[in-house]
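Visitor: Could you take me through this structure?
Guide: Certainly; please look at it first.

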Amino acid sequence: MKHEDKKMDTIIAYAKRKGFVFPSSEIYDGFAGAYDYGPHGVELANAIKRHWWRDVVNTKHNVYGLDAAIVMNPKVWVASGHVGGFSDPLADCRTCQNRIRVDKELGKLGVEADEKMSEEEINTLFDKHRAEITCSSCGSKDFTAARAINLLVKSNVGDFSNDNSNPVYLRGETCQGIYVNFKNVVDSLHPKIPFGIAQIGKAFRNEISPRQFLFRTREFEQMEMQFFTKPGDDDQAYQDWKQDRWDSWKSIGISENNMRWNQHDNLVFYAADAWDIEYKFPDYGFDEVEGLHMRTNYDLTQHSEHSGQDLSFNDNGDKFIPHVVETSIGVGRMFLAVLSEAYDEEQLEGDDSRVVLRFNPDIAPVQVAVLPLMKKDGLSEAAKEIFKDLAATFRTTYDESGSVGKRYRRQDEIGTPFCITYDYESKDDGMVTVRDRDSMEQERIAISDLTEYLQKQIK
Ligand code: ATP
């Protein structure tokens, strides 16, 4: 099926039906801006995170991992500028009280606007285009003025006042945990500059209108890496990381036809350059999935000033505050891109058709399914032995219910790249049938060679 023919509603319904993504607390009518990963979804999300960690941390000699706490001293968020200025412009529909994000509505009209504009700037644009903006819920055009709403989510962790007068914040981005640990990493590992610190973890934002499924949620997971360089070396590092991240999207299975770069026109005052990788989602069109930013020495300087700690780097007597190249992705957005890319409805011979998820075998929730041809005559027992063997190396499942044809289709539907069938001949020749998800072709492989064979296919 052509990418252009895919429908997001179909993919969302499919993701629920097949155990990938469920609405949060659905039996209580759900909770806006939160989703749960089901049994196949959690495997896919974990595989995506492993792929990122391997590309960004494990295969780089100078990038170190970290896992910082979600709750931090609230001063962190004052220093980072989030308490003062982490906001989106919101307007209410006066007829039905529905809320809109004014910058996004203006964006849909092709008007350059974003959350970094002042209230005054955004309202000037809003007033100019009010006649073209309609409430999606009731059709009215009667909106209040836009006002900046802070996105930080407050918590009462450790606050025993009755009125939550000493709130802490659930982190609005994971990278602040990296900046506040910069000195700890330098003092404990003594890295040479340049080096990076990476982490994967939950972040929270009080998004005004969570929408588009996993694309914009209030609780989400980020994969972020800050690469610290000497001043002046950040430009080359930025070019290198841009290439690296682009290649990583390709290697996870996204076609270059469905990706593009978008440079920010309106930079925050401290940034030297900022580009997003955008993915062409079915129905939604191109939108941001990853941000790569040149953040100069802003964050470390802020934290130095607010904490009173010296966060400079001493490079053989040459002392400076490092410059930062950042890459930031939401796991949910990458998940949605990967799922959209993999989803395929295939017309087979005659009237037959199938839904198949063409995941890269490296990230498929189930990589190998072991199926006995029949449940009897000792075939199950022998197949279970193979399952046990393969499960030590691959994400493997075992299925003996229904006809083999039906079982193949079930595995296609969740994107399992290889099905292994143990049949009557296997008993005599020590071989099994390996069926390929995409070509549906089958070949006989010796049981003793299976692990090596599959390892070659699942890189
Ligand atoms: P947007 O303009 O779409 O709100 P942003 O520019 O605020 O995004 P960043 O702060 O740069 O996003 O966050 C980095 C990455 O984190 C984004 O590229 C995206 O993948 C992810 N992300 C940000 N906000 C959300 C969210 N509400 N839900 C899911 N993922 C998100």
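The conversation below goes from the whole chain to its sheets, the ligand and one glycine.

Visitor: What kind of model is this?
Guide: It is a predicted model, in which local features need pLDDT of at least 70, side-chain atom pairs count only at pLDDT 80 or more, and totals for chains, interfaces and linings use all residues. Residues are numbered from 1 along each chain as its sequence is written.

Visitor: How many helices and strands are there?
Guide: The chain has 15 helices and 23 strands. Helices (H or I, at least four residues) and strands (E, at least two) are DSSP runs, numbered from the N terminus. The C-alpha trace spans about 75 × 65 × 50 Å along its principal axes.

Visitor: What percentage of the residues is buried?
Guide: Of 459 residues, 37% count as buried. A residue is buried if 20 or more other C-beta atoms lie within 10 Å of its own, exposed if 12 or fewer, and partly exposed in between, with C-beta atoms placed from the backbone.

Visitor: And which share of the contacts links residues 24 or more positions apart?
Guide: Such pairs make up 65% of the contacts with a separation of 6 or more. Two residues are in contact if their C-beta atoms, placed from the backbone, lie within 7 Å.

Visitor: On to the sheets. What is the strand order in the one with 7 strands?
Guide: This open sheet has the order β3-β9-β10-β16-β13-β12-β11, with mixed pairing. Two strands pair if DSSP finds at least two bridges between them.

Visitor: Which strands stand at the edges?
Guide: They are β3 (63-65) and β11 (259-263); each has a single partner strand, so one side of each lacks a neighbour in the sheet. From one strand to the next, the twist averages 25 degrees. Axes are lines fitted to C-alpha atoms, for helices over the stretch in contact, and angles run from 0 to 180 degrees between N-to-C directions.

Visitor: Do β13 and β16 run parallel or antiparallel?
Guide: They run antiparallel and are joined by 5 bridges. In β16, S328 is the bridge partner of G291. Helix α9 (residues 234-252) packs on this sheet, touching β10, β11, β12 (273-281), β13 and β16, and its direction makes about 20 degrees with that of β16.

Visitor: Which residues come nearest to the ligand?
Guide: Of the 16 residues around the ligand, these are F220, G291, S328, G330 and R333. A residue is near a molecule or strand if its C-beta atom, placed from the backbone, lies within 6 Å of it. Two or more residues of the shell come from each of β10 (219-229), β13 (285-294), β16 (323-330) and α11 (331-342). The largest share, 4 residues, belongs to β13.

Visitor: What is the order of the sheet of 5 strands?
Guide: The order in this open sheet is β20-β19-β21-β22-β23, with mixed pairing. Strands β19 (residues 368-372) and β21 (residues 418-422) run parallel, joined by 5 bridges. A369 stands opposite C419 in β21. Helix α15 (residues 450-457) packs on the sheet and touches β19, β21 and β23. Helix α12 (residues 379-391) lies across β19, β20 and β21, at about 165 degrees to β19.

Visitor: One last spot: is G84 buried or exposed?
Guide: G84 is exposed, because 10 other C-beta atoms lie within 10 Å. G84 sits in helix α4 (residues 82-85). Its C-alpha atom is separated by 8.2 Å from that of N150, which is 66 residues apart from G84 along the chain.
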